[in-house]
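Here are my notes on this entry, set out point by point. Please read them with the structure open.

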Amino acid sequence: MTGLAILIPIALGMGLLGLAAFFWSMKDGQYDDMDGAAHRILIDEEDEA
Amino acid sequence: MNAPVAVEAERPLATTRLTVPGMKCAGCIGKIERELPKLPGIAAARANFSAKRVAIRHDPALGEDALTAALLNLGFEAQPVADNSLGDDSKERKTLNRALGVAGFGMMNVMLLSVSVWSGADGATRELFHWLSALIALPVIAYAGRPFFASAWMALKHRRTNMDVPISIGVLLATGLSLYETITGGAHAFFDSAVMLLFFLLAGRALDAEMRTRTRAGIGALLGRMGKSASVIAPDGSTRRVAARDLDPGMMVLVAAGEALAADGEVVEGTSALDNAMLTGESAPEPVGPGAVVHAGAINLSAPIRVRLTRVAEDTALAEIARLMDEAGQSRSHYVRIADRASRLYAPVVHTLALIAFAGWMIAGAGWHTSLTIAIAVLIITCPCAMGLAVPAAQVVASGALLRRGLLVKDGSALERLAECDVALFDKTGTLTLGEPRADVSGLDPEARAVALGLAQTSRHPLSRGLAAALLRGGVTPAAIDDLREVSGAGLTGRWQGVEVALERPAEASAALATTLRIGDARQTITFADPLRADAAATLAVLAQEGIAASILSGDRAAPVAAVAQALGLTAQAEASPQAKLAMLEALKAQGRRPLMVGDGLNDGPALAAAHASIAPGTASDASQQAADAVFIGEGLMPVALAVRVARRTMRIVRENFGFSILYNLLAVPLALLGLVTPLVAAVAMSVSSLVVVANSLRLARSANP
């Protein structure tokens, strides 16, 4: 039972952390341009200067 | 290096959003984001590839025109975004996504506890786990269930029922019973089922909303701007801009070349040619002089004219069409979607079953607690989880497949109606044909081509633009022309290397569109044609395979319509007014047919709104694109046939999904009625049925491939 007292809060805390991360990423606009994200990986970042 | 940045930072920057439909690859994103900030006054540019938009942070002194020009220099056509186009859809999607996140969190944590209970936890541990589950599940259900509860409440208030009514009843009863079990220390709590049900259903809703915002962003990117004001001439000769709704009959307005008329009126002074394509679908420009009647929506092509207004605002021919569209669109709002039709049959059956189970076990003497548990188990197991996913999953996959082929479907209801169409009506100009005159320049030598381009590129006349486009495609460099003059109704004249050159109206009037190129005394005739879309015949053949007969319903003159009809082997009705088109569709509907209307002009608007389903090309007028269920992009007509084919396949998959749900219920309901359904059985059954439905829907991903 003592194990549970530690493990359950940890599990819940990790779940809440995930939920908070999801909310943050949504607010940050990370899901606004899903197709663009797929293409951006192909852009050459090097400066042409 | 730092100095200019510091100077710019002192002034607050403005942000402007432009739609850039031509953004097609990573290179385009890179080019826009790298090159734009190099221009003076532009601080940053950020492209949104999905919405085909670019947000530019810039010096407020820089206007939209300058930004559009900057993008055009990079090779992208751009248009400012209308303010309200993002609107409610993305808000709804965000609410659903947030609810989905919360439901997902709740589901995982409650499931974690439930698995321990199923593995044999009992006594105080089980009680603790049930309490913990309740603590997690209650707020989660209250938050994530809102979209369903609100919709169910609305339906009940209007004495109707929809899919959300059985869902809400199931979820609320399951939660209530589980809470009772938890408080009394009972063995079975269904918190996991209730939360999982919400999670799966929210996934369906979120997919549905995602599809709508994605395609609407695409259509918003296509919408251009219309002239909504006019230059009114005061008695003292000065002019001022007046918004269209503030115009009065009797006002004198000056319409510059290239400007759209904002009200109906009569030409008082000046001669010009008007492009009436928006109103009549007629491709040839109409010459007008003093005394001619002109209509709002027409575009003045060649020279400024003065117009005395006769009918304004709500009285114009344009407003009349808008009113017809509004009324015609009413019938569509009565359409009942397949999921709601299914639930009308489904909900009473399920609720009766649950009642019978309760009554049966009471009569058998099981006691009210056991009877109620079994009745609720029946509700949970039959709760339309797979059904809630069956329709949106299939429709989202199908609309994604169509999107890749250049067809934007506005929503799921559009796909359902497209699948039911049994007869198709096509407009001619701009729908079966490309809608723009293409010049035949094969008869010109290189010198003549250069001169023709030098002349044509300076004019806004549709024939000049068609000629210039054809020559530019052929890689012609324009010759330098001096002393250029455009005489309305007559043509363009100029001087090239000391020789007088001109593009003129041909001497003899003929049915075909043509212009005469004169260099010195040598004359050559250039003919224009509005060619059929290359795959028009193939498209009609595919439609015929699907059992859809097509015919032409055009506002154009009889001769060109007959020519197209003959070329494609269709029956045709020409010179149809917007009212006549609408009447034709109403007549078809009265016969019990379900017409598909494909058209682009504003004159097709009422017909598009009245048809069972409608499709417009991306070059169509704004109003037509708004009225249509789907918009196709590009020069091919094939997306129209594909839309019907994919829509029908989608409905087949949806019916398969429904069939599967019914089969699953036939197996599961007897178990529930016998009281054999534990929370474990309910959880497994629910996930398996949902996964099967989603997997079946994914088969549509390749449905739009040839």
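1. Start with strands 24 and 25 of chain B. In this predicted model, strand 24 (residues 595-598) and strand 25 (residues 613-617) of chain B run parallel and share 3 bridges. One register check is available: B:M597 has B:S614 in strand 25 of chain B as its bridge partner.

2. Both strands sit in an open sheet of 7 strands in chain B, ordered 14-26-25-24-15-22-23. Pairing in this sheet is mixed. Its edges are strand 14 (407-409) and strand 23 (571-573) of chain B, each paired on one side only. On average, neighbouring strands are turned by 20° against each other, with direction ignored.

3. Two helices deserve a look against this sheet. Helix 19 (residues 558-568) of chain B packs on the sheet and touches strand 22 (549-553) and strand 23 of chain B. The direction of helix 19 makes about 160° with that of strand 23 of chain B. Helix 23 (residues 638-673) of chain B lies across strands 14, 24, 25 and 26 of chain B. Helix 23 runs at about 45° to strand 14 of chain B.

4. A second open sheet in chain B has 3 strands, in the order 10-9-12, with antiparallel pairing. Strand 10 (286-288) and strand 12 (299-300) of chain B form its edges. Strand 9 (residues 272-275) pairs with strand 12 of chain B over 2 bridges, in the antiparallel sense. There, B:L274 stands opposite B:N300.

5. Now the helix pair. The axes of helix 7 (residues 164-184) and helix 12 (residues 368-382) of chain B come within 9 Å and cross at roughly 145°. The crossing is left-handed. Helix 7 of chain B contributes B:I169, B:G170, B:L173, B:A174 and B:L177. Helix 12 of chain B answers with B:L372, B:T373, B:I376, B:L379 and B:I380. By class, this contact has 8 nonpolar, 2 polar and no charged residues.

6. On domains, the assignment splits chain B into domain 1 (2-81), domain 2 (88-220 + 338-394 + 649-702), domain 3 (229-261 + 264-315), domain 4 (408-435 + 533-633) and domain 5 (438-529). The centres of domain 1 and domain 4 of chain B, taken over C-alpha atoms, are 38 Å apart.

7. Last, the chain contact. Which element of chain B gives the most to the side that touches chain A? Chain B puts in 18 residues and chain A 19. Helix 2 (26-35), strand 2 (42-48) and helix 4 (87-118) of chain B each supply at least two residues on the chain B side. Helix 4 of chain B gives the most, with 9 residues. The chain B side divides into 10 nonpolar, 6 polar and 2 charged residues.

Technical notes:
Residues are numbered from 1 along each chain as its sequence is written. Chains are lettered from A and ligands numbered from 1 in the order in which they are written. This is a predicted model: local features need pLDDT of at least 70, side-chain atom pairs count only at pLDDT 80 or more; totals for chains, interfaces and linings use all residues. Two strands pair if DSSP finds at least two bridges between them. Helices (H or I, at least four residues) and strands (E, at least two) are DSSP runs, numbered from the N terminus. Domain bounds come from an automatic or database domain assignment. Axes are lines fitted to C-alpha atoms, for helices over the stretch in contact, and angles run from 0 to 180 degrees between N-to-C directions. A crossing is left-handed if the near helix is turned anticlockwise from the far one by less than a right angle, and right-handed if clockwise. Two residues are in contact if their C-beta atoms, placed from the backbone, lie within 7 Å. Ala, Val, Leu, Ile, Met, Phe, Trp, Tyr, Cys and Pro count as nonpolar, Asp, Glu, Lys and Arg as charged, and the others, Gly among them, as polar.
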